[in-house]
Amino acid sequence: MTEPQEQEKNGCNQKRKCSLSVMALIGVIGGIIIWGGLNTGMEYTNRSTFCISCHTMQTPYEELKRTVHFKNRAGVTAQCADCHVASSKTPTDYIFKSFQKIMAARDIIGQIRGVIDTPEKFEARRLMMAERVWAQMKARDSRECRNCHNFETMDHEKQKDRSIVKHESAIEDGQTCIECHKGVAHKLPAGYVNTGG
């Protein structure tokens, strides 16, 4: 190979390396922008103000405001996402949280299509929507509740006798929070029948 041919070959190799480096840099920057955008969107849609921007969600929000989960002596307020979207402590939780956001889009679509766009229509579907949420919470061992409440750190001396017995029984039987605590943040839907769990 002649010297000019070798220089041309080296020049091409350097151009390829430079092009690959630029493409890799663009990919990294693009990934950061996309990831940052997704996280920003995820956090924005976790706000209760976002949730109640649909007027039919104002009804359950007003119910929440009348409970200890909204106003209490400790000043801790549960937001919509605290109970309806799992926390992101692990990659698996982040995937579940993303899935929950996709599932929540069903309610947004229902609002737009007129399925739950009035308080009356919302009430007509409340039991079905509540049962769906309860089933998800039970399947996850009420993880949303356990982000704040934990059997191991409960001060049983400050609980009523009935609560102590119920909690001890729940631990022994492997029950999860939502099996007994339906209706703690929102009114129970019309047609709900307590079957003991």
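Hi everyone. Let me start with a term I'll need in a moment: two residues are in contact when they have heavy atoms within 4.5 Å of each other. One caution before we use it: what you see here is a predicted model.

Now, how far along the sequence do contacts reach in this chain? Take the contacts between residues at least 6 apart in sequence: 63% of them join residues at least 24 apart.

What are the elements? The chain has eight helices and zero strands, so you can keep one simple pattern in mind as you read along the sequence: α-α-α-α-α-α-α-α.

Next, inside and outside. There are 197 residues in the chain, and 25% of them are buried. On the outside, the chain exposes about 14000 Å², with carbon and sulfur atoms supplying 60% of that area.

Let's zoom in on helix α3, which covers residues 58–65. Which of its residues are buried? They are Pro60, Tyr61, Glu63 and Leu64. If you look down the axis of α3, these buried residues fall within an arc of 155 degrees, so they line one face of the helix. And what covers them? The cover includes α2 (48–51), α4 (80–84) and α6 (119–139).

For contrast, please turn to helix α1, residues 3–44, where you will find Leu25. Is Leu25 buried or exposed? Its relative accessible area is 53%, and the cut-off for exposed is over 50%, so Leu25 counts as exposed. Leu25 also has partners at the surface: together with Ile29 and Ile33, Leu25 makes a nonpolar patch of about 310 Å².

That's my tour, thanks for listening!

Methods:
Residues numbered from 1 in each chain as written. Predicted model: local features only at pLDDT ≥ 70, side-chain atom pairs only at ≥ 80, totals over all residues. Heavy atoms only, no water. Patch = residues over 30% accessible without salt bridge, like charges linked within 9 Å, V, L, I, M, F, W, Y side chains within 5 Å. Areas by Shrake-Rupley, 256 points an atom, 1.4 Å probe, with all protein chains shown as cover. Salt bridge = Lys/Arg side-chain N within 4 Å of Asp/Glu carboxyl O. Helix = DSSP H or I, 4+ residues; strand = E, 2+ residues; numbered from the N terminus. Buried < 20%, exposed > 50% of the residue type's maximum accessible area, 1.4 Å probe, protein only. Arc of directions from axis to C-beta.
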